[in-house]
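User: Hello! I would like a close look at one part of this protein, taken slowly and in connected steps, so that I can follow along in the viewer.

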Amino acid sequence: MKKIIIIKDSSTRVDIFSEHLVIKTKSQEDIVGYRYIKELYINKLVEISLKNCLKLATKFDIYFINQHGKVLAKVLSYEKI
């Protein structure tokens, strides 16, 4: 079952690998496989390169949000273009 991943905390670190994401906060570390992600909502202040953003967009939709959860921008996966 695919999930919607929401990263609200701006101090979160996202490490991108070939088959999974590592999401690190101050208190925990989560590993999520790409095949389990439907959409990724990520705080606009979390550092992610354009190259990595486009790489992830080949697998699922990415939405950039502010601290209140309002969608500011979106990068649709290639399947939906």
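User: Which strands form the open sheet with mixed pairing, and in what order? Please stay with that part, and then show me how its surroundings fit in.

Analyst: Happy to walk you through it. Please keep in mind that this is a predicted model.

The open sheet you are asking about is built from four strands, and reading across it gives the order 1-5-6-7, with mixed pairing. Strand 1 and strand 7 are the edge strands, each of them pairing on one side only. From one strand to the next, the twist averages 20°. Helix 1 packs on this sheet, where it touches strand 5, strand 6 and strand 7, and its direction makes about 135° with that of strand 6.

Let us start with strand 5, which spans residues 37-43. Of its seven residues, six are buried, so strand 5 is largely enclosed by the rest of the structure. Towards strand 1, the two strands run parallel and are joined by five bridges. To find this pairing in the viewer, you can look for I6, whose bridge partner in strand 5 is Y41. Towards strand 6, residues 61-65, strand 5 again pairs in the parallel sense, over five bridges. Two pairs mark this side: L40 has I62 as its bridge partner in strand 6, and N43 stands opposite I65.

How does the chain get from strand 5 to strand 6? The path leads through helix 1, residues 50-57, and the resulting β-α-β crossover is right-handed.

Within strand 5, E39 deserves a stop of its own. You may wonder whether to call this glutamate buried or exposed. With a relative accessibility of 13%, E39 counts as buried, because the cut-off for that word is under 20%. The side chain of E39 makes a polar contact of 3.1 Å with the side chain of Y41, and Y41 is the residue you just met as the bridge partner of I6. Leaving aside residues up to four places away in sequence, E39 touches K3, I4 and I5, along with D61 and Y63.

Now back to the helix. Helix 1 has C53, L56 and A57 as its buried residues. They sit on the same side of helix 1, because the arc they cover around the axis is only 105°. What covers these buried residues includes strand 5, strand 6 and strand 7 (71-75), and also strand 2 and strand 3.

Those last two names bring in another sheet. Strands 2, 3 and 4 make an open sheet of three strands in the order 2-3-4, and the pairing there is antiparallel. The edge strands are strand 2 (13-16) and strand 4 (29-33), each pairing on one side only. Neighbouring strands of this sheet are turned by 20° against each other on average, direction ignored. Between strand 3 (residues 20-24) and strand 4, the antiparallel pairing extends over five bridges.

A handy residue for finding your way here is H20, which lies in strand 3. Its bridge partner in strand 4 is G33. H20 is partly exposed, with a relative accessible area of 27%; that value puts it in the class between buried, under 20%, and exposed, over 50%. Not counting residues up to four places away in sequence, H20 touches D15, I31, V32, G33 and Y34. Further along the chain there is Y36, 16 residues from H20, and the C-alpha atoms of these two are separated by 9.3 Å.

One more residue is worth a visit, in the loop between strand 1 (3-7) and strand 2: this is T12. Its relative accessible area is 6%, so T12 is buried. A polar atom of the T12 side chain lies 3.0 Å from the backbone oxygen of D9. With residues up to four places away in sequence left out, T12 touches I7, I23, K24, T25 and V46.

To retrace the route in your viewer, begin at strand 5 between its parallel partners, strand 1 and strand 6. Then follow the right-handed crossover through helix 1, and look at what covers C53, L56 and A57. From there, strand 3 takes you to H20, and the loop between strand 1 and strand 2 takes you to T12.

Key:
Residues are numbered from 1 along each chain as its sequence is written. This is a predicted model: local features need pLDDT of at least 70, side-chain atom pairs count only at pLDDT 80 or more; totals for chains, interfaces and linings use all residues. Side-chain values use heavy atoms; hydrogens and water are left out. Two strands pair if DSSP finds at least two bridges between them. Axes are lines fitted to C-alpha atoms, for helices over the stretch in contact, and angles run from 0 to 180 degrees between N-to-C directions. Buried means under 20% relative accessible area, exposed over 50%, partly exposed in between (1.4 Å probe, protein chains only). Contact means heavy atoms within 4.5 Å. A polar contact is a pair of N or O atoms within 3.5 Å; within protein, one must be able to donate a hydrogen and the other to accept it, and residues adjacent in sequence count only if both atoms are side-chain atoms. A crossover is right-handed if, with the strands pointing away from the viewer, the path from the first strand over the helix to the second runs clockwise. The arc is that of the directions from the helix axis to the C-beta atoms.
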